[in-house]
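Q: Could you walk me through this model the way you would at the bench? I'd like to know how to read each feature as we go.

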Amino acid sequence: MALLEVHGLTKRFGGLVALRDVDLIIEESNIAALIGPNGAGKTTLFNILTGLYRADQGKIRFQSRSLSGSSPDQITRAGICRTFQNIRLFGEMTVLENVLVGMHSRIPLSLSDVLFRASRLRAEERQATAKAMELLGLVGLQGSEGVWARQLSYGEQRRLEVARALASQPRLLLLDEPSAGMNPSEAQVLMSLLRNLVGTHVRSILLIEHNMRVVMGISDRVTVLDHGEKIAEGTPDEVRIDARVIEAYLGRGKWAGHAQG
Amino acid sequence: MKNWFFNAGLAGYIGLTSLLVYSFPRSVSAFLLFEASLLLIYYAPLSRAAKLSFTAAVLIVLMPLLGTLDGYYLEVAIQIGIFVALALGLNIVVGFVGLLNLGFVAFYAIGAYLWAIFGSHQANAFLPGGYFPLGQAWFFVFLLLGIAAGALTGILLGLPVLRLRGDYLAIVTLGFAEVVRALVNNLDKPINLTNGPKGITPIQRPPLFFQPLVEFLGFKPDAAALYPLYFYFLVLILLLAIILVTRRLENSPVGRAWKAIREDEIAAVAMGVPVVWMKLLAFAVGASFAAAVGVLFAAKQVFINPESFTFMESIGVLAMVILGGMGSIPGAILGATVVTILNLQLLKGLSLWLNGLRQSGIILSLPLLGSFDLSQIPAQFEPAKYERMVFGLIIILMMIFRPQGFLPPRQGGSTKLTTGGDTGEK
Amino acid sequence: MDFSAGIFLQVLMDGVVLGFMYALIALGYTMVYGVLEFINFAHSEIFVIGAFVGAEILLGLESSGALATLHPAFVILVLLFAGMAVSGLAAMGLERVAYRPLRGAPRLVPLISAIGASFFLQDFVRLVESLWRNTFYLTYPTLDILEKNLSLGMGVEVPLKSFLVIATALAMLLGLYLFVNKTKLGTAIRAVAQDPDAAALMGIPVDRIISLTFFVGGAMGGAAGVLFGLHYSLINPYSGFGPGLKAFTAAVLGGIGNIPGAVLGGLVLGLMEALAASYLGILTDGAFGAEYKDVFAFAVLILILIFRPKGLLGEKVREEGA
């Protein structure tokens with residue numbers, strides 16, 4: 001049984017068709033990559049999957065349940081969480097608080113517990129903090145929990161976004177260009193981190209990525225979008241030699257193997 | 001021992017300034033210095049217990065004592081307390097969640113009119129039976145009703161408008177407050193609900209339920225002397241409750257969700273924060289604080305009319321929050337104190353001083369400029385009437401030079417950084 | 001009060017006058033919003049400054065005795081030009097001092113600063129007038145010619161001053177239209193409104209164009225101030241709040257950032273307000289009268305923002321950057 005099934009997804013902005021009849025299946029314990037030239041509709045697909053946009057047509061099933069019409073917080077609770085291409089952290093909150101916000105949907109909340117500082121809530125908060133610290137350790141941010149997120153370096157901010165997304169205990173993690181702006185050795189660290197996440201923290205990962213070394217290095221399956229349509233799908237090796245993919249990239253004067261983010 | 005040094009220094013400062021206040025009645029500067037002791041306590045590197053005992057000494061012992069000797073100080077302290085409470089309420093909406101509410105005074109008005117109407121003869125105008133004014137004890141019931149009414153109107157206003165962009169939200173809340181004021185002003189017909197521009201008086205004050213105890217202790221105070229003290233402690237208790245509730249909300253998932261919305265609403269949504277609910281909650285909490293203070297205000301003033309609930313009040317409270325630092329509880333307290341003293345005392349003092357100059361008949365002769373008869377200072381020029389200029393200047397200067405305010409939220413101050421052990425509430 | 005046709009026409013006329021007044025003020029809000037996406041909350045005080053400039057000149061002419069000898073049309077022209085110039089410059093100065101240092105700050109920061117500026121300017125006008133005249137409630141001296149009535153038949157008498165407002169407003173709107181659409185500077189304004197970064201890349205001096213936008217918007221507000229004084233005669237430093245808020249409503253009603261929209265919005269709001277002031281009492285059998293016309297205007301604002309925030313003609317707002 002696939003973790004996520006998307007059928008016939010279409011999204012229009014005025015006259016522009018951002019996605020046309022896109023199908024996508026993500027299996028359990030998989031790292032899937034979504035690639036394609038700029039403007040291919042990759043981030044739009046993420047925005048629809050997380051409920052920020054509403055699709056004009058199509059079905060989304062996650063763990064055999066329909067997600068059509070769900071609100072973003074319902075989707076997060078159902079187990080899909082994401083990072084953003086242009087980092088969107090809570091700048092004037094501490095690193096730890098950023099991760100704790102990610103846990104919002106996992107902390108049972110009642111107003112009376114908050115107002116009377118119930119021991120139940122205190123215990124939940126203690127657990128949440130411990131969990132958050134563990135996640136910060138996982139992404140290599142231990143020791144920075146007390147500083148404001150906006151004071152972190154670019155690479156650290158990217159990693160904090162991953163930790164924050166993991167905090168919501170997603171089954172499917174969506175990463176929008178996680179290696180953007182990283183040097184090769186940082187990208188290497190990221191790849192091993194992502195490999196370790198599958199099976200331990202998340203069931204599957206779907207990433208948008210321009211860095212082909214990362215895509216080819218860790219993906220089990222690659223889906224290629226161009227002008228809002230799916231033009232190819234398969235293992236990295238299959239996609240690498242697909243004529244339409246090469247054309248989509250070469251048509252814009254980019255070498256598929258060396259395209260960068 | 002460093003601690004000993006600080007403790008003694010602080011105690012000395014407090015003692016000295018109280019002496020100053022005592023020996024210079026109605027001196028603005030003496031009172032300001034005295035008030036500043038609270039700031040010193042806040043900043044002093046002392047233990048929590050020491051800070052608490054110093055604060056208690058200042059607020060529970062010294063302030064009432066000085067206030068009994070000179071009722072003027074008590075009046076100022078009560079006014080400051082009222083504005084601190086309002087600023088704390090607005091701080092939740094503007095400071096924590098980042099929603100600019102320009103109509104905050106509407107909720108204050110709703111609380112005030114709620115008690116004014118039923119705690120006076122006014123309700124007889126539209127309800128049969130002549131049950132009004134309600135007995136004094138009902139004041140406490142209406143304090144709770146005020147909280148509920150504030151929360152309810154906050155939600156009713158919030159439901160349709162919270163989806164709007166920030167700047168539109170600001171204008172809509174401003175429009176809402178103007179509508180409320182217009183209604184209060186005009187609902188003396190067809191049914192006389194609010195008595196219109198004439199206002200409502202007399203409004204019941206809370207009962208002196210402790211009077212037998214005071215008399216038993218051998219004092220024979222009259223109500224006129226007791227009520228200022230009574231209101232002072234009522235305001236203090238209300239403030240304490242408000243601060244407690246605010247802190248608990250701030251240091252909970254709710255507070256984190258609020259700040260996340262302020263920092264990046266889209267990211268907050270993506271992290272599973274139910275944004276609309278959280279905004280509604282902030283609107284409701286802020287509004288309920290304001291309405292509770294309104295109930296108290298009506299009882300203290302005995303008389304209210306629509307003049308007390310103008311747009312300027314909303315902006316004044318906003319200036320307080322901005323001056324202190326948006327999103328900071330100590331900031332809101334500082335801002336409210338400074339602005340209220342500025343308004344109540346400094347400007348009035350300046351007006352009196354100018355008046356004195358006018359009557360002195362002194363003629364200034366300045367080289368090159370010729371002589372200037374001080375009695376010629378136009379009578380219309382009264383600094384006390386220039387509140388708007390003060391609010392305006394504060395707001396512009398703060399936005400340009402120090403948008404985070406004077407006591408911005410401390411980094412990591414609201415979250416415990418250790419994983420081990422329960423450190424309890426700070 | 002009754003439903004007679006004559007009175008109805010009179011009410012319509014009042015509404016149109018009010019509408020053009022709102023439209024002129026609304027232009028200032030809408031142009032600045034178009035360029036900076038920011039509500040210039042202090043624009044209502046720019047309007048008031050224009051009204052005070054007009055009053056001071058008229059009062060000066062009156063006390064020097066020159067008012068009786070000068071041709072009224074000349075006087076009115078002088079008032080309008082002076083009001084426009086001073087208000088325009090004041091708006092430019094305001095932008096320079098209170099808004100430009102905040103460009104690039106979070107959206108609400110300049111708005112808060114503008115609210116502060118609005119309050120500051122109200123009392124600043126009061127301070128100047130208090131020191132200068134020892135009062136800040138001014139009355140426009142009457143220009144006899146404006147008090148004459150023009151009969152339109154069917155018992156409708158229209159004071160000449162209403163025609164003055166309408167004619168001046170139409171002339172200014174036409175001028176603004178030509179300026180924005182047919183001149184190089186107007187094109188530059190439109191370019192900055194479309195995309196400031198691209199405009200800067202094309203060599204347009206964005207800062208100066210923004211200053212110019214404030215000047216033009218402020219000048220329209222100043223003209224509205226002079227017309228307001230001539231028409232309603234009583235002014236004080238706080239006169240701007242109501243008209244300002246309603247003009248902003250008009251701008252939103254038409255679609256903020258949209259110049260023709262501001263005119264349409266102004267007219268619609270002016271007419272609604274005039275009708276409400278005259279007929280609310282009749283329709284509700286005296287329960288709610290003209291005192292609710294402000295409530296009515298704000299209710300319109302709230303309803304539009306909630307149900308049609310893009311306004312009647314659609315607003316021009318840039319897509320938020322990703």
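A: Happy to. One definition to start: a polar contact is a pair of N or O atoms within 3.5 Å, where, within protein, one must be able to donate a hydrogen and the other to accept it. Keep in mind that this is a predicted model.

Q: With that in hand, how many residue pairs are in polar contact between chain C and chain B?

A: Five residue pairs, counting those with both partners at pLDDT 80 or more. As for salt bridges across the interface of chain C and chain B, the rule finds zero.

Q: Which elements of chain C give two or more residues to the side that touches chain B?

A: They are helices H3 (72-99), H4 (108-133), H10 (241-254) and H12 (293-307) of chain C. H4(C) gives the most to that side, with 17 residues. Sorted by residue class, the side of chain C that touches chain B comes out as 36 nonpolar, six polar and six charged.

Q: And how much area do chain C and chain B bury between them?

A: About 4,200 Å², and 76% of it is on carbon and sulfur atoms. The contact takes 48 residues from chain C and 47 from chain B.

Q: Let's look at chain C by itself. How many helices and strands does chain C have?

A: Chain C has 12 helices and four strands. To judge the overall packing, set the radius of gyration against the globule rule: chain C comes to 20 Å, close to the 20 Å that the rule gives for 322 residues, so chain C is as compact as a globular protein of that length. Along the principal axes, its C-alpha atoms fill a box of roughly 60 × 50 × 35 Å.

Q: Now chain A. Which residues go to which domain in the assignment?

A: Domain 1 of chain A is made of two segments, 1-79 + 170-261, and domain 2 is 90-169. The C-alpha centres of these two domains of chain A lie 26 Å apart. Contact between them takes 17 residues from domain 1 and 14 from domain 2.

Q: What area is buried between domain 1 and domain 2 of chain A?

A: About 1,300 Å², with carbon and sulfur atoms giving 70%. On the domain 1 side, Pro170(A), Leu193(A) and His201(A) lose the most area to domain 2, together 36% of what that side buries.

Q: How does the polar side of that domain interface look, in salt bridges and polar contacts?

A: The rule finds zero salt bridges across the interface of domain 1 and domain 2 of chain A, and the count of residue pairs in polar contact is three, both at pLDDT 80 or more. Helix H2 (72-78), strand E7 (172-176) and helix H7 (184-197) of chain A each supply at least two residues of the domain 1 side. E7(A) gives the most, with three residues. By class, this side divides into nine nonpolar, four polar and four charged.

Q: Backbone next. Which peptide bonds in chain B should I look at for cis geometry?

A: Check omega. From Phe132(B) to Pro133(B) the bond is cis, with omega near 5°; Pro133(B) is in the loop between helices H5 (105-118) and H6 (138-161) of chain B. Thr201(B) and Pro202(B) are also joined by a cis peptide bond, with omega about -10°. Pro202(B) is placed in the loop between helices H7 (166-186) and H8 (211-216) of chain B.

Q: And where does Asp21(A) lie?

A: Asp21(A) lies in strand E2 (residues 16-26) of chain A. Look at its phi: about 50°, a positive value although Asp21(A) is not a glycine.

Note on methods. Residues are numbered from 1 along each chain as its sequence is written. Chains are lettered from A and ligands numbered from 1 in the order in which they are written. This is a predicted model: local features need pLDDT of at least 70, side-chain atom pairs count only at pLDDT 80 or more; totals for chains, interfaces and linings use all residues. Side-chain values use heavy atoms; hydrogens and water are left out. Domain bounds come from an automatic or database domain assignment. Contact means heavy atoms within 4.5 Å. Buried area is the accessible area (1.4 Å probe) that two parts lose on being put together, summed over both. A salt bridge is a side-chain nitrogen of Lys or Arg within 4 Å of a carboxyl oxygen of Asp or Glu. A polar contact is a pair of N or O atoms within 3.5 Å; within protein, one must be able to donate a hydrogen and the other to accept it, and residues adjacent in sequence count only if both atoms are side-chain atoms. Ala, Val, Leu, Ile, Met, Phe, Trp, Tyr, Cys and Pro count as nonpolar, Asp, Glu, Lys and Arg as charged, and the others, Gly among them, as polar. The radius of gyration is taken over C-alpha atoms; the globule rule is 2.2 Å times the number of residues to the power 0.38.
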